[in-house]
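Here's a quick tour for anyone meeting this structure for the first time. Have a look around, then read on.

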Amino acid sequence: MSDSRGVDSRTLLKRLRESLAEAGEGQERLDRVTTLIAKSMDAEVCSIYLRRDETTLELCATEGLNPEAVHQTRMRVGQGLVGRVAESALPINERDAPNAKGFRFMPETGEEIYASFLGVPIERLGEVLGVLVVQNKTPRLYSEDEIYGLEVVAMVIAEMTELGAFTGPGDMGLAAQHTWPFFVKGVIGQEGVAEGVVLLHESHVVIANPIADDPDIEDERLTVALDALVKEIDRILAKDFGATNSDHHDVMIAYRLFAQDKGWRRRMRASIASGLAAEVAVEKEQSSARSRFARVKDAYLRERLHDLDDLSNRLLRILLGREDASERGIPDNAILVARNLGPGELLEYGRKLIGVVLEEGSVGSHAAVVARSLAIPLVIQAKKITREALNNDPILLDGDIGAVHLRPEETVAKAFREKMAMRAEAQQSYAALRDKPAKTTDGVEIALHMNAGLMADLPSLEVSGAEGVGLYRTELQFLIRSKVPRRGELSRLYTRVMDAAKGKPVVFRTLDIGSDKALPYMKRTNEPNPALGWRAIRIGLDRPGMMRMQLQALIRAANGRPLQVMFPFIAQFDEFREARSRLLAEIEKERKQGHTVPSDVKIGAMLETPSLAFAPDQFFEMADFISIGGNDLKQFFFAADRENELVRRRYDTLNVSFLTFIEQIAARCDSLNTPVSFCGEDAGRPVEALAFAAMGLRSLSMRPASIGPVKHLLRLVDLSEARKVIDTARASGDQSVRYALINWLARQKISV
Ligand code: PEP
Ligand code: MG
């Protein structure tokens with residue numbers, strides 16, 4: 001060690017590169033590396049601990065400790081000083097390690113005679129792959145320079161680990177990263193199963209030469225890449241997001257600020273000066289941002305750190321001259337793996353994908369909505385998937401239970417294929433029911449409609465055998481764009497929807513935005529509780545321009561055909577009366593201007609707040625139809641946020657309180673002659689659909705893929721018997737009728 005207790009990292013990295021380039025198995029390389037580091041740093045001990053699996057670290061090479069302990073000494077992440085470095089991803093510097101808090105005595109290593117301890121994480125893109133340790137007998141704290149020097153070496157070891165430089169044969173050898181099977185249980189985004197190969201939305205960057213020959217050249221490469229990055233951002237700003245006042249615009253402006261951040265640039269330059277290649281210098285910053293990210297609770301700050309992460313990815317792509325996945329070819333049977341995805345990006349991939357796995361994402365996110373619309377199985381919140389998966393890895397996706405098997409064992413794959421075969425069989429039997437009515441054995445017929453929102457949905461109308469579109473979510477078209485669509489554009493789109501429906505009815509729901517559905521080009525209002533805030537019809541009535549434009553587009557698209565319009569989130573009679581009169585006024589205006597008006601107009605309301613169920617009779621008489629938006633209605637009925645994983649599954653839809661409420665709505669609509677249907681997600685679940693029918697509903701609207709399974713069940717049951725089962729369960733004090741219904745079906749050997 002030099003007198004100033006510094007480390008000449010450039011010389012050390014140079015030697016390290018020479019040593020790594022020499023022939024030999026992974027173990028020999030590791031041994032050479034520890035010897036070299038110990039010598040260069042004047043340390044009596046240098047050890048490398050690598051992750052054996054998710055929770056275990058193993059001593060893989062050492063200079064100075066007992067060689068017998070190599071591949072014998074193991075510890076859990078979080079255990080002892082080494083385990084704590086791995087857990088926190090932060091260095092630990094101790095002058096008297098054996099007496100430090102958390103020290104774990106491991107007699108087989110003989111380390112108790114070494115007082116000073118410095119451990120740094122071997123970390124790559126926020127993932128700790130191991131721990132690099134130096135130790136000395138004399139008690140002292142290591143200097144800042146030494147810590148920095150060891151961190152730089154650890155970066156190189158991380159890159160080399162990723163490249164498989166330390167893998168070797170036999171039990172004692174380490175398996176290469178990304179080779180072992182990886183299982184993750186996420187959350188169901190869209191049901192369905194798929195077997196395919198991984199397509200990473202953003203490829204892993206593998207850096208073949210982490211140590212640079214000439215820092216000046218690397219510095220220049222970084223400068224050129226940073227210039228290109230700023231130009232790229234400016235280009236995006238000028239092209240797509242000309243409209244100021246949009247969130248995207250703000251994000252891009254933030255990107256540009258980050259790209260010019262002096263601290264960021266300085267830190268990367270310092271890493272290059274210490275001997276790292278430009279790419280590794282970028283990654284080093286990205287890694288530390290990710291560790292910070294993991295500790296940040298504030299949602300806004302997390303978003304900003306995300307931006308920084310995306311920016312580093314862009315910079316790496318520029319340095320490596322790479323494109324992202326949407327620009328590369330898409331392999332057959334591709335299952336897209338991404339951290340998160342915008343709806344527009346998913347639409348670009350479109351039906352070329354057979355499945356999607358997101359590390360983040362929420363059930364109500366727009367990407368989830370698009371995945372549903374394209375009927376692509378989707379698993380969200382699959383933790384660590386983007387770090388584990390490599391392009392072309394085999395992957396099994398079970399959207400029915402939210403499970404993902406990456407590089408599965410053959411036994412798992414076999415069981416999975418059996419499940420897929422069973423599903424395919426069931427699909428065939430559903431297809432055979434396409435033209436048959438959903439009629440129960442006691443002769444009650446239930447009308448089954450489908451939900452839609454994108455042009456991509458329309459072909460399902462014929463394939464599924466739906467009687468019409470019971471809910472057309474018009475906001476999806478607005479959500480996937482970066483600009484407000486124009487009236488002419490919308491009108492052409494609605495015309496195509498009605499044409500594609502070939503005379504089957506389509507119920508257009510006017511814009512339902514706000515809450516979870518934020519338009520990219522609308523200024524976000526900071527609301528304490530958006531689900532209870534300024535959304536849907538509330539925005540429509542307060543900002544009449546957009547609603548008027550949409551209503552005109554609908555009237556023109558109908559062009560003399562019947563038109564059905566439904567207003568979302570009506571909480572009281574007046575809102576409906578007002579929205580309805582605006583539609584009628586628009587029709588009148590169009591007529592006066594000489595446009596062809598619809599041959600027949602039906603105006604309905606969505607019942608999504610309990611209040612509307614108790615509106616005056618006159619409301620029910622004025623509404624041409626009512627559609628129960630069960631997704632929202634349920635969240636308000638139980639006061640349980642539909643987006644919040646902690647509570648969203650807490651209350652069963654078949655809870656007797658909710659069912660009794662549905663029963664009352666159905667009865668009230670019946671007595672006032674108002675047609676009523678149910679269009680929330682629950683309508684597409686067979687047992688729920690059966691219960692709703694038993695409660696008196698005669699019309700349901702659901703995802704096209706659910707029509708088959710729901711029809712299949714309804715055609716097998718006696719509805720009056722089902723009703724008796726529900727009544728008995730209710731009378732006996734059951735909280736939910738699910739158990740009673742499932743048992744009743746099982747007794748008849750009906751599986752659901
Ligand atoms: C509902 O709330 O049930 C509904 C159909 O509307 P959305 O899911 O679009 O809010
Ligand atoms: Mg709703």
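## A serine in a helix

Is S312 buried or exposed? Keep in mind that what you're looking at is a predicted model. S312 counts as buried, because its relative accessibility is 2%, and the cut-off for buried is under 20%.

As for where to find S312, look in helix α9, which covers residues 299–320. Leaving aside residues up to four places away in sequence, S312 touches W264, V282 and Q286.

## A six-stranded sheet

Now hop over to an open sheet of six strands, paired antiparallel and ordered β3-β2-β1-β6-β5-β4. At its edges sit β3 (74–76) and β4 (92–94), each with pairing on one side only. On average, neighbouring strands here are turned by 20° against each other, direction ignored.

Inside that order, β5 (residues 116–124) and β6 (residues 127–136) make an antiparallel pair over nine bridges. If you want a spot to zoom in on, V120 stands opposite L132 in β6. There's a helix packed on this sheet too: α2 (residues 26–40) touches β1 (45–51), β2 (56–63) and β6. The direction of α2 makes about 65° with that of β2.

## The magnesium site

Which residues are the protein donors of the magnesium ion (ligand 2)? They're E608 (OE) and D632 (OD), lying 2.0 to 2.1 Å from the ion.

This pair links distant parts of the chain, 24 residues apart. E608 is in the loop between β20 (601–607) and α20 (610–613), while D632 belongs to helix α22 (residues 630–638). E608 counts as buried because its relative accessible area is 2%, and D632 is buried with a relative accessible area of 2%.

Note on methods: Residues numbered from 1 in each chain as written. Chains lettered and ligands numbered in written order. Predicted model: local features only at pLDDT ≥ 70, side-chain atom pairs only at ≥ 80, totals over all residues. Heavy atoms only, no water. Pairing = 2+ DSSP bridges. Helix = DSSP H or I, 4+ residues; strand = E, 2+ residues; numbered from the N terminus. Axes fitted to C-alpha atoms, helices over the stretch in contact; angles between N-to-C directions. Contact = heavy atoms within 4.5 Å. Buried < 20%, exposed > 50% of the residue type's maximum accessible area, 1.4 Å probe, protein only. Donors = N, O, S within 2.8 Å, 3.2 Å for Na, K, Ca; no water.
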